[in-house]
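Visitor: I am new to this structure and would like to know how each description is earned. Could you take me through it?

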Amino acid sequence: MSLLTDLVNLNLADSTEKIVAEYIWIGGSGMDMRSKARTLVGSVSKPSEIPKWNFDGSSTMQAPGDNSEVILHPQAIFKDPFRRGNNILVRIFLGKVMCDAYTSAGDPIPTNKRFGAQKIFNHPDVVAEEPWYGIEQEYTLLQKDVHWPLGWPVGGFPAPQGPYYCGIGADKAYGRDIVDAHYKACLYAGINISGINGEVMPGQWEFQVGPAVGVSAGDEVWIARYILERITEIAGAKLSFDPKPIQGDWNGAGAHTNYSTNSMRNDGGLAVIKKAIEKLGIRHKEHIKAYGEGNDRRLTGHHETADINTFSWGVANRGASVRIGSDTEKQGKGYFEDRRPASNMDPYVVTSMIAETTILWKPT
């Protein structure tokens, strides 16, 4: 073990009044995650007890150089699976802090998608429906020095798809140590991660977050993404959320979004689900524009996707835009799955847009 590893992992004291808070936010590309740490004294149990901070927005494509100060407003707290800490620190929920960003004048910056999502989720009609989300985040692990999936021969291809989905074995599952470390770290952090599995393309995996209510679904997905990228950093691998990282006869990567409301979960919910799907069909083009960059390379009508230009739905149909599960149809209530979002979608945008369309929007 290296001296650096020894120092990083060393528990220097059983207790301390000082703690480290890692401030995490989303950079100017809308997908790059940024973070920096500061020392706090005393106990913290809620975001309002954490001081606001700032960063140089000109270095993250979020502000001009002559007015570069962007203000971080802490919004959610998770336990830190990297620095960890003793029991006292764990009990007071110290660690990762999810922030949204504002100008020094107090206005949300354009990349602050959480602000708009929170407005929708605070609407009384949305609050009354208590929207639940389960997000299936697919991603691809890449070799460090080449843009090529983990486990693939450099410049070559593995055997065709078929044995890799939920597969086991050294010739089928590439990167399981990273995936398991991420799973454990998310559980430690307090993220409601509900499962993991190997995906159809080798080197591609999925984790699921949920059920989560309202804006917390976006918070948890972003922090889970942050933890995953930190773990790939340690492992010497690269993380890709590209919706079609390898062209050809290989599956793309999505972020299927499962959704239900109180009305859908109660008796008679299937009729409510069908009305909601009808609304989604009417606004298909608007949703597609907001569902991730490069999604046209993924939504081709092949590899378990619907064509990007055509809206469709069906029961147990993974080739449709929206899928109703067999159990939901049998029980007459439950949830549906929007299969259109790309792996690089912004969960604040997607979750709030689904709620806005299905609960608040009235067709003319």
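Guide: Gladly, and let us begin with a helix. H11 covers residues 347-360, and its 14 residues should span 20 Å at 1.5 Å a residue; the end C-alpha atoms are 19 Å apart, which agrees. The expected span is 1.5 Å times one less than the number of residues. Helices (H or I, at least four residues) and strands (E, at least two) are DSSP runs, numbered from the N terminus.

Visitor: What should I know about the model itself?

Guide: This is a predicted model, where local features need pLDDT of at least 70 and side-chain atom pairs count only at pLDDT 80 or more, while totals for chains, interfaces and linings use all residues. Residues are numbered from 1 along each chain as its sequence is written, and side-chain values use heavy atoms, leaving out hydrogens and water.

Visitor: What is the mean pLDDT of the protein chain?

Guide: The mean is 90, and 92% of the residues reach 70 or more; pLDDT is the predictor's confidence in each residue, from 0 to 100. Over residues 86-94 the pLDDT is below 50, and this stretch has 22 contacts in the model beyond near neighbours in sequence. Contact means heavy atoms within 4.5 Å.

Visitor: Why is H11 called mostly covered?

Guide: Of its 14 residues, 11 are buried, among them Tyr348, Met353 and Ala355. Buried means under 20% relative accessible area, exposed over 50%, and partly exposed in between (1.4 Å probe, protein chains only).

Visitor: What does Ala355 touch?

Guide: Not counting residues up to four places away in sequence, Ala355 touches Ile120, Phe121, Val126, Tyr133, Tyr259 and Leu360. Ala355 is also one of the residues with the most contacts inside the largest nonpolar core, which has 60 residues. Such a core is a set of buried Ala, Val, Leu, Ile, Met, Phe, Trp, Tyr and Cys residues joined through side-chain atoms within 4.5 Å. Another core, of 15 residues, lies apart from it and includes Tyr23 and Val44.

Visitor: How do you know that H6 is largely enclosed by the rest of the structure?

Guide: In H6, 14 of the 20 residues are buried, so the description fits. Helix H6 takes in residues 216-235, and its end C-alpha atoms are 28 Å apart, in agreement with the expected 28 Å. After H6 comes Gly236, whose phi is positive, near 75°.

Visitor: Why does Glu293 count as exposed?

Guide: Glu293 has 65% relative accessibility, so it counts as exposed. Glu293 sits in the loop between helix H9 (284-290) and strand S11 (313-315), and it touches Pro243 and Asn344, not counting residues up to four places away in sequence.

Visitor: What makes Lys18 exposed?

Guide: Its relative accessibility is 52%, so Lys18 counts as exposed. Lys18 lies in strand S1 (residues 18-26) and is in contact with Thr39, Leu40 and Val41, leaving aside neighbours within four places in sequence.

Visitor: Why is the protein chain called as compact as a globular protein of its length?

Guide: The protein chain holds 11 helices and 13 strands. Its radius of gyration is 21 Å, close to the 21 Å that the globule rule gives for 364 residues, so the name is earned. That radius is taken over C-alpha atoms, and the rule is 2.2 Å times the number of residues to the power 0.38.
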